[in-house]
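Biologist: Hello! I would love a close look at one part of this chain, with the pairings around it explained as you go.

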Amino acid sequence: MGLNITLINNSDKEKKTKKQLEMLLEKYDLDKWIFQKSIFIGEREIPHSHPKLTINTFHLNNDNRLLSQFLHEQIHWFLPLSRFKQMQEELNLLFPQIEDEYHLIINYLEYDALRQLIGEREAKEIIDNKKQYMKNAERYTELYEIVTQQEGKIKEILEKHDLLI
């Protein structure tokens, strides 16, 4: 599957990250998780999915972390808010303490993708270590913790709404 990868500043780190991403695309069959073919790499960018899927160079030389970042941003394109709204009430009932149910689902789908690609142990390690390197770690740490502790309940809701990848 051909991606159009654009370097924002054309820096050495961006070039290396592009090569690293291309290697991951060759190593793993990521087709079912690619929903946006235009990818931007920016050395100083905060990763985001919209309006342009953008990753950064922070995980240079850590393949699993770069894979996790790439998958996370791609999954945002799989789950538009309109599809999420169909299950939001169920999530509110199950997890009343959570304010960001949307990212709970994105994070679950990311974790599930990682398990399929790199295995349970390494996927859990990536998810557990995110709090050490994410800027908004507190918010995401809580969500990833729920994902790993309540994955059966989350999966059940996603299956019901035909939203598993």
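Is Ile106 buried or exposed? And please take me through the salt bridges that involve the helix holding Ile106.

Modeller: Happy to! Keep in mind that this is a predicted model. Ile106 sits in helix H4, which covers residues 101-118. Its relative accessibility is 0%, and because the cut-off for buried is under 20%, Ile106 counts as buried. Met87 comes 19 residues away along the chain, and the C-alpha atoms of Ile106 and Met87 are 13 Å apart.

Now for the charged side chains. Arg115 forms a salt bridge with Glu151, with an N to O distance of 2.2 Å. Arg115 belongs to helix H4 and Glu151 to helix H7, so this pair ties together parts 36 residues apart in sequence. Arg115 is buried, at 17% relative accessible area, while Glu151 is partly exposed at 22%. The two also belong to a network of salt bridges that links Asp112, Arg115, Glu120 and Glu151.

The count for the model is seven salt bridges. One of them joins Glu90 and Lys160 at 3.1 Å, N to O. This pair links distant parts of the chain, 70 residues apart: Glu90 is in helix H3 (residues 81-94) and Lys160 in helix H7 (residues 151-160). Here Glu90 is partly exposed at 24% relative accessibility, and Lys160 is exposed at 59%.

For a pairing inside one helix, turn to Lys124 and Asp128, whose side chains meet at 3.0 Å, N to O. Both lie in helix H5 (residues 120-129), four residues apart, or about one turn of the helix. An α-helix has 3.6 residues a turn, so residues three or four places apart point the same way.

Terms used
Residues are numbered from 1 along each chain as its sequence is written. This is a predicted model: local features need pLDDT of at least 70, side-chain atom pairs count only at pLDDT 80 or more; totals for chains, interfaces and linings use all residues. Side-chain values use heavy atoms; hydrogens and water are left out. Helices (H or I, at least four residues) and strands (E, at least two) are DSSP runs, numbered from the N terminus. Buried means under 20% relative accessible area, exposed over 50%, partly exposed in between (1.4 Å probe, protein chains only). A salt bridge is a side-chain nitrogen of Lys or Arg within 4 Å of a carboxyl oxygen of Asp or Glu.
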